[in-house]
Amino acid sequence: MSEAKEQFGDNVGEMWDVIAKSDMVILLISDAAQSQVYQKIFDTMKPGSTLGLSHGFLLGYLDSIGESFPDHLDVVLMAPKGMGPSVRRLYEQGKKTNGAGINSSFAVHQDKSGKALERALGWGIAVGAPFMFETTLRDEYKSDIYGERGILLGAVHAIVETLYRRYKGQGMSPEDAFINSAECITGRVTKEISTRGIKAVYTDMSAEDKKIFETAYSASYSPSKEILQECYDEVKCGNEIRSVIMQNERVMSGKGQVGKIDGTETWLVGEKVRANRDESKIPLNPFTAGVYIATMMAQIDVLLEGGHSYSEVINESVIEAVDSLAPYMHYRGVAFMVDNCSFTAKWGSRKWAPRFDYLLDQLAYTAVDSGKPVNEELLSQFKDHKVHGAVEECCKLRPSVDISVSAPTTTKEIVIQ
């Protein structure tokens, strides 16, 4: 506290005293910490003030224990669709480039003062969001916690691991196996989706590659959707939130841990591949694309069937995957992303990735290898899906610059094209 005072002077104060005097309190501490101190925060805030959240986890926790926010507070959400460093760098780029900034969701959960909406939107403008999508706090936490365990982290982790093993088993070198799995997803597939939409990945393929894509998509969609539906139900009923709280308690008491995944062969090979990467030689493997897009579409369908709006669905299944996380995964690796994200996301990814791994290996790939016919109805549903038009519109609204990441040991900034 004294060091902060020396650096920032009277702009720094004791936390609880600041909370008591503030008209708006933006709560950005960890999810687990929120579950421990929320009552004191509620009791300290003055009537008519606004509680600002960047994620709906606290509401999910309150739902799970049968509690709610105090009636005397405004409660708003402004949720940037990416990591903290992304928010800052795109904000800085926005000083020079119109339209830079990170797209965000916003919601008004309670409006005691009558000014909750303008405060939520003002907060979004303050962080430089060029576009903001309306949602609800409850829909945001359900889709966000679920999405992290799906295509954003847990599923992509498993897809890369399973395809790496598969391609090696088919005779590829370790390096080529990694390039055709991880590099293909983060270096080709997601970039195409980001700028032109999901369907464009398929329509641009040759007739031969389309057949391979269709085989992989048809075999992977149902096993992926089975896990994703279970995961969504676990989040919706509060089980997954309770799981995060319990694991945090185990870690804090020394009875548990959340280990790293970066020591396996897949990710060690990935370090070598990235060190010698030639972007122009990264292939668009149609089998990899089929598995990845099948999982993305299954996640989309679970959310749509759960009543989520298209903006919410696309934010949590597409935009955050391809525009926010994929650039970091491409630069530092999927394992780095999993190992260095929030506790809630890290624990969820480590918990659910093995489920995707098992079912893809045991159901999807065995169906392909046994020559199971392609499900033509499923493919027709993919080609005619209404989400494609919505995603293509969102591509037009993406930031005017690409997310950049900084080199870990220098001040050099690497722009991800």
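Here are four short exercises, with worked solutions, on a predicted model.

**Exercise 1. Check the length of helix α9 (residues 174-196): what should its 23 residues span, and how far apart are its end C-alpha atoms?**

Start with the rise, which is 1.5 Å a residue. The expected span takes 1.5 Å times one less than the number of residues, so the 23 residues of α9 should cover 33 Å. Now go to the model: the end C-alpha atoms of α9 are 31 Å apart, which agrees. While you're there, look along the helix, because α9 isn't straight throughout: it bends by about 60° at cysteine 184. Then step just past the end of α9, where glycine 197 has a positive phi of about 110°.

**Exercise 2. Classify the ring pair phenylalanine 213 and phenylalanine 382: stacked, edge-to-face or tilted?**

First, the distance. Ring centres must lie within 6.5 Å to pair, and these two are 5.8 Å apart. Next, the angle. Under 30 degrees is stacked and over 60 is edge-to-face; here the planes are at 40°, so the pair is tilted. Now see where the partners come from: phenylalanine 213 belongs to helix α11 (residues 207-236) and phenylalanine 382 to helix α18 (residues 376-383), so this contact links distant parts of the chain, 169 residues apart. Last, burial, for which the cut-off is under 20% relative accessible area. Phenylalanine 213 comes in at 0% and phenylalanine 382 at 1%, so both count as buried.

**Exercise 3. Do the same for tyrosine 217 and tyrosine 221, then find which cluster they join.**

The centres are 6.0 Å apart and the planes 25° apart, which makes this pair stacked. Both tyrosines sit in helix α11, and being 4 residues apart they're separated by about one helical turn. That fits a general rule: an α-helix has 3.6 residues a turn, so residues three or four places apart point the same way. Tyrosine 217 and tyrosine 221 are both buried, too. Zoom out and you get one aromatic cluster made of Tyr202, Phe213, Tyr217, Tyr221 and Phe382. In total, the model has 12 aromatic pairs.

**Exercise 4. Which charged ends sit over the rings of tyrosine 202 and phenylalanine 336?**

Take tyrosine 202, a member of the cluster above. The charged end of lysine 210 sits over its ring, 5.3 Å from the centre. For phenylalanine 336, the answer is arginine 332, with its charged end 3.9 Å from the ring centre.

Note on methods:
Residues numbered from 1 in each chain as written. Predicted model: local features only at pLDDT ≥ 70, side-chain atom pairs only at ≥ 80, totals over all residues. Heavy atoms only, no water. Helix = DSSP H or I, 4+ residues; strand = E, 2+ residues; numbered from the N terminus. Bend = angle between axes of the 7 residues up to and from the residue. Buried < 20%, exposed > 50% of the residue type's maximum accessible area, 1.4 Å probe, protein only. Lys NZ or Arg CZ within 6 Å of the ring centre and 35° of its normal.
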